Amino acid sequence: PGKERTLIVVKPDGVQRRLVGRIIQRFEQRGFKMVGLKMLQVSEDLLSNHYRQLRMKPFYSDLVQYMTSGPVVVMAWEGHQVIQSSRNMVGQTNPAEAQAGTVRGDFSLHVSRNVVHASDSPEGALRELQLWFRGQELLDWECIDESITCE
Ligand code: DAT
Ligand code: MG
């Protein structure tokens, strides 16, 4: 079965609060492999594409303002069922409903400042990885523990 890849974004509040290292650590310790990483200031263009299904929501303009308020850290992670597993690791959209042990459940309070983005489906992950990364920014490399963590 093909290995999945997903997009994780540490949002501006996560960067401001110096949570990047702890978020990366959770994905590393789970056994996922980082295949892309960069810091950037998001353009409204990219963001309106990324969140295109939310354009009609009442919170949309606040969401754009927040997401463009400062740098974000964008990551691509690879591994067995990484899309669903990372959604579970990130927790519910509303931090008040997110379980303890999840990123949102451990580090955030309010739905509009929920620290991290994770792709929600194989189609979404593919679309978002292509949107946020150039092909050559995603690396194919072998990690020596792969034959141990996965069959
Ligand atoms: P998720 O980020 O869990 O995939 P989503 O795709 O439904 O959630 O929404 C994208 C982001 O939009 C979410 O992380 C935070 C913001 N958002 C969603 N619902 C909101 C609401 N009711 N009020 C304010 N912001 C909201
Ligand atoms: Mg979403």
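A polar contact is a pair of N or O atoms within 3.5 Å; within protein, one atom must be able to donate a hydrogen and the other to accept it, and residues adjacent in sequence count only if both atoms are side-chain atoms. In this predicted model, local features need pLDDT of at least 70, side-chain atom pairs count only at pLDDT 80 or more, and totals for chains, interfaces and linings use all residues. Residues are numbered from 1 along each chain as its sequence is written, and side-chain values use heavy atoms, with hydrogens and water left out.

The side chains of Ser 121 and Asp 120 make such a contact, at 3.3 Å.

An unreviewed UniProt entry places the feature "binding site" at Lys 11, Phe 59, Arg 87, Thr 93, Arg 104 and Asn 114; such annotations may be inferred rather than shown by experiment. Lys 11, Phe 59, Arg 87, Thr 93, Arg 104 and Asn 114 from this set belong to the lining of the largest pocket (an open set of points on a 1 Å grid where a 1.4 Å probe fits, with protein on both sides within 12 Å along at least five of seven lines; lining residues have an atom within 4 Å of a point).

Three loop residues are tabulated by relative accessible area (buried under 20%, exposed over 50%, partly exposed in between; 1.4 Å probe, protein chains only). Helices (H or I, at least four residues) and strands (E, at least two) are DSSP runs.

| Residue | Loop between | Relative accessible area |
|---|---|---|
| Lys 11 | strand S1 (4–10) and helix H1 (12–16) | 4%, buried |
| Phe 59 | helix H3 (44–50) and helix H4 (60–67) | 42%, partly exposed |
| Ser 121 | strand S4 (116–118) and helix H7 (122–132) | 17%, buried |

Beyond four places in sequence, Lys 11 has contacts (heavy atoms within 4.5 Å) that include Tyr 51, Arg 104 and Asn 114.

Terms used
Chains lettered and ligands numbered in written order.
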